[in-house]
Amino acid sequence: MIVRRLEEIEQTDREVKAPTFSSRRFLLKGDGMGFSFHDTVLHAGGETYIWYKNHLEAVYCIDGEGELEDLDNGEVHAIRPGTFYALDGHERHYLRAFKDLRMMCVFSPALTGREVHDEDGAYPLVPDEVAEVAEAAEAAG
Ligand code: 9YT
């Protein structure tokens, strides 16, 4: 069993600080669960462009206020505590925080912990995941 507390993660390499958000990674690939789990705070006033073309992400808001703009269909969704969304179609989107947004995020495949958003707003895959995704795509035809 894995038991961790936020204060043990803050200010360690499990806390990744980006210009518009801070991501505290409770579970990473090395923990062997098959997904990663993050407590992410998007800072008030920030706008983040995201396109997770290599990962699936599910997100649950527990605090704050903001919006999600789906750039694939132009829809804008308010985000408030209790809002959940899942990027099951690798949708390109903007996240805007009007107040600090606290989001619980699950990624599959798991992040290794080294990733930072690239110029496309994505997290790159690590080499063995590139092979796994290629195999899955081949199997799906
Ligand atoms: C929903 C969200 O906060 N996305 C950006 C950051 C990502 N969740 C992460 O790396 O924790």
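## Exercises on a predicted model

Glu 10 forms a salt bridge with Arg 24, and the closest N and O atoms of the two are 3.4 Å apart. The structure is a predicted model, and the exercises below start from this pair.

**Exercise 1.** Determine which parts of the chain are tied together by the salt bridge of Glu 10 and Arg 24, and whether each partner is buried or exposed.

*Solution.* Begin with the distance: a salt bridge requires a side-chain nitrogen of Lys or Arg within 4 Å of a carboxyl oxygen of Asp or Glu, and the pair of Glu 10 and Arg 24 comes to 3.4 Å. Next, place the residues: Glu 10 lies in the loop between α1 (6-9) and β1 (15-17), while Arg 24 belongs to strand β2 (residues 21-27), so the bridge ties together parts that are 14 residues apart in sequence. Finally, look at accessibility: Glu 10 has a relative accessible area of 32% and is partly exposed, whereas Arg 24, at 6%, counts as buried.

**Exercise 2.** Find out which residues are linked with Glu 10 and Arg 24 in a network of salt bridges, and describe the bridge between Asp 39 and Arg 102.

*Solution.* The network links Glu 10, Arg 24, Asp 39 and Arg 102. Within this group, Asp 39 and Arg 102 form a salt bridge whose closest N and O atoms are 2.5 Å apart. That pair links distant parts of the chain, since Asp 39 sits in strand β3 (residues 36-42) and Arg 102 in strand β8 (residues 93-108), 63 residues apart. As for their surroundings, Asp 39 counts as buried at 2% relative accessibility, and Arg 102, with a relative accessible area of 29%, is partly exposed.

**Exercise 3.** State how many salt bridges the whole structure holds, and locate the one formed by Lys 99 and Glu 65.

*Solution.* A search of the whole structure finds ten salt bridges. In one of them the side chains of Lys 99 and Glu 65 meet at 3.4 Å, N to O. Lys 99 lies in strand β8 and Glu 65 in strand β5 (residues 56-70), so this pair ties together parts that are 34 residues apart in sequence. Glu 65 is partly exposed, at 35% relative accessibility.

**Exercise 4.** Describe the surroundings of Arg 14, beginning with its place in the chain.

*Solution.* Arg 14 is found in the loop between α1 and β1, and at 18% relative accessibility it counts as buried. Its side chain reaches the backbone oxygen of Phe 26 at 3.4 Å. When residues up to four places away in sequence are left aside, the residues that Arg 14 touches include Arg 4, Ser 23, Arg 24, Phe 26 and Asp 31.

**Exercise 5.** Work out how β5 and β6 are joined, and how β4 is joined to β8.

*Solution.* Four bridges join β5 to strand β6 (residues 76-79), and the two strands run antiparallel. Glu 69 stands opposite Val 76 in β6. The hairpin of β5 and β6 has five residues between the strands, and there Gly 74 takes a positive phi near 80 degrees. Turning to strand β4 (residues 47-50), its covered face holds Thr 48 and Ile 50, and its uncovered face holds Glu 47 and Tyr 49. Four bridges join β4 to β8, again with the strands running antiparallel, and Tyr 49 stands opposite Tyr 94 in β8.

**Exercise 6.** Identify which members of the largest nonpolar core touch the most other members, and which element gives the most residues to this core.

*Solution.* The largest nonpolar core has 18 residues, of which Leu 42, Ile 79, Tyr 85, Leu 95, Leu 101 and Met 103 touch the most other members. The elements giving two or more residues to this core are β5 and β8, and β8 gives the most, with six residues. Tyr 85 shows how one member is placed, as the residues it touches include Val 59, Leu 68, Ile 79, Leu 95 and Met 103.

**Exercise 7.** Classify the geometry of two aromatic pairs, Phe 26 with Phe 37 and Tyr 52 with Phe 107.

*Solution.* The structure holds three aromatic pairs. For Phe 26 and Phe 37 the centres are 6.3 Å apart with 70 degrees between the planes, an edge-to-face pair, which links strand β2 to strand β3 across eleven residues of sequence. Phe 26 is buried at 17% relative accessibility, whereas Phe 37, at 27%, is partly exposed. The ring centres of Tyr 52 and Phe 107 lie 5.0 Å apart and their planes stand at 75 degrees, so this pair is edge-to-face as well. Tyr 52 lies in the loop between β4 and β5 and Phe 107 in strand β8, 55 residues apart, and both residues are buried.

Note on methods
Residues numbered from 1 in each chain as written. Heavy atoms only, no water. Buried < 20%, exposed > 50% of the residue type's maximum accessible area, 1.4 Å probe, protein only. Pairing = 2+ DSSP bridges. Polar contact = N/O pair within 3.5 Å; in protein donor to acceptor, adjacent residues only side chain to side chain. Contact = heavy atoms within 4.5 Å. Core = buried A, V, L, I, M, F, W, Y, C linked by side-chain atoms within 4.5 Å. Phe/Tyr/Trp six-rings, centres within 6.5 Å; stacked < 30°, edge-to-face > 60°.
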